[in-house]
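Visitor: I am new to this one and would like a short tour. Could you show it to me?

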Amino acid sequence: MPPPSASSDFSLTGQWALVTGASQGIGSEVARHLARHGADVILTGRQKNDSTLDKVAGEIRSLGRRAECIYADLARVDDIQNLARQALAIQTPIPLLVHVAGVVYPGAALEQTLDEWEATMAVNLRAPFLLSQALAPAMIENGGGRIIMIGSAAGIVGFPARAAYAASKGGLIMLTRQLAVEWGPLGIRVNCVAPTVTMTPMAEQAWADPARRAAMQNKIPTRRFAQPRDVANAVVYLASPGGDMINGMTLPVDGGYTIQ
Ligand SMILES: NC(=O)c1ccc[n+]([C@@H]2O[C@H](COP(=O)([O-])OP(=O)(O)OC[C@H]3O[C@@H](n4cnc5c(N)ncnc54)[C@H](OP(=O)(O)O)[C@@H]3O)[C@@H](O)[C@H]2O)c1
């Protein structure tokens, strides 16, 4: 039998993926890029008047893939359970789960409030655990799956004024390893992608000051920030057959920022 083609190593054709945080930024590009590689996508974000979730779903459908939207507030445990139920009603199992949704409350550790701490942990760490726990049984019963967390370089090295955020992302990296050890034998690979500053529309604003931007870029060996597509490519690799032997790892997408 001829070996499979190189492109089939990175094909997700015919597979359903659930992407959280799919309304904007990195999550919307991850959703689009999974679809470009053949996946059908369930997108989630919170219900809003001006939600862009439907717009992203439309873009995916225009690629010839299926797309469904489910609204959920991942800070709420009951919303996470409802999201899992609705997603499994669309497709059981969902073999690919990508946790992109995240929040950050920048501020000095001495001033970080309890509310900010709790809100950060709820969305960035508790939600990926509970949603993974809700979707993993169907994956296990049906031959396995892949779970990908979006962490951060701030979960690997210290960064000023990010106490709750960095702790949540460091926790996500350890949760990745833990689930990989427990669920690897059951057919689920669990990995994490850890970007440096990534040029979403909000990050463009946050890093608009040229001096501040240059100072941060000078700490990155490749001297540039990531683009959402850089992160999405790493997700596709870890999701695809080409990444089949990668499990429990955190892949920095940071131009070498965290190697120093
Ligand atoms: N951009 C960067 O520089 C950077 C660097 C490293 C890591 N990251 C990580 O990458 C991920 C995406 O970052 P981003 O910059 O693309 O963020 P973003 O543009 O602020 O988007 C955040 C996403 O998370 C969703 N979200 C936030 N709170 C939620 C909640 N309570 N329930 C449901 N969804 C919620 C938002 O959806 P709605 O608002 O529509 O509900 C939105 O889709 C995050 O985990 C972030 O920590 C980003």
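Visitor: Thanks. Is the crossing of H4 and H5 left-handed or right-handed?
Guide: In this predicted model, H4 and H5 cross in a right-handed manner.

Visitor: Where do H4 and H5 sit in the sequence, and at what angle do their axes cross?
Guide: Helix H4 covers residues 114–141 and helix H5 covers residues 163–183. Their axes come within 9 Å and cross at roughly 15 degrees. Angles under 35 degrees count as roughly parallel, and H4 and H5 are therefore roughly parallel to each other.

Visitor: Which residues make the contact?
Guide: On H4 they include Trp117, Met121, Leu125 and Phe129. On H5 they include Tyr165, Leu172, Leu175 and Trp183.

Visitor: And how many of the contact residues are nonpolar, polar or charged?
Guide: The contact of H4 with H5 has 12 nonpolar residues, five polar ones and two charged ones.

Visitor: Changing topic: how many helices and strands does the protein chain have?
Guide: The protein chain has eight helices and seven strands.

Visitor: What does the radius of gyration say about the 260 residues?
Guide: A compact globule with 260 residues would have a radius of gyration near 18 Å, and the protein chain agrees because its value is 18 Å. The C-alpha trace spans about 55 × 45 × 40 Å along its principal axes.

Visitor: What share of the residues is buried?
Guide: Buried residues account for 45% of the 260 in the protein chain.

Visitor: And what about contacts between residues far along the sequence?
Guide: Of the contacts between residues at least 6 apart in sequence, 74% join residues at least 24 apart.

Methods: Residues are numbered from 1 along each chain as its sequence is written. This is a predicted model: local features need pLDDT of at least 70, side-chain atom pairs count only at pLDDT 80 or more; totals for chains, interfaces and linings use all residues. Helices (H or I, at least four residues) and strands (E, at least two) are DSSP runs, numbered from the N terminus. The radius of gyration is taken over C-alpha atoms; the globule rule is 2.2 Å times the number of residues to the power 0.38. A residue is buried if 20 or more other C-beta atoms lie within 10 Å of its own, exposed if 12 or fewer, and partly exposed in between; C-beta atoms are placed from the backbone. Two residues are in contact if their C-beta atoms, placed from the backbone, lie within 7 Å. Axes are lines fitted to C-alpha atoms, for helices over the stretch in contact, and angles run from 0 to 180 degrees between N-to-C directions. Angles under 35 degrees count as roughly parallel, over 145 as roughly antiparallel, 65 to 115 as roughly perpendicular and the rest as oblique. A crossing is left-handed if the near helix is turned anticlockwise from the far one by less than a right angle, and right-handed if clockwise. Ala, Val, Leu, Ile, Met, Phe, Trp, Tyr, Cys and Pro count as nonpolar, Asp, Glu, Lys and Arg as charged, and the others, Gly among them, as polar.
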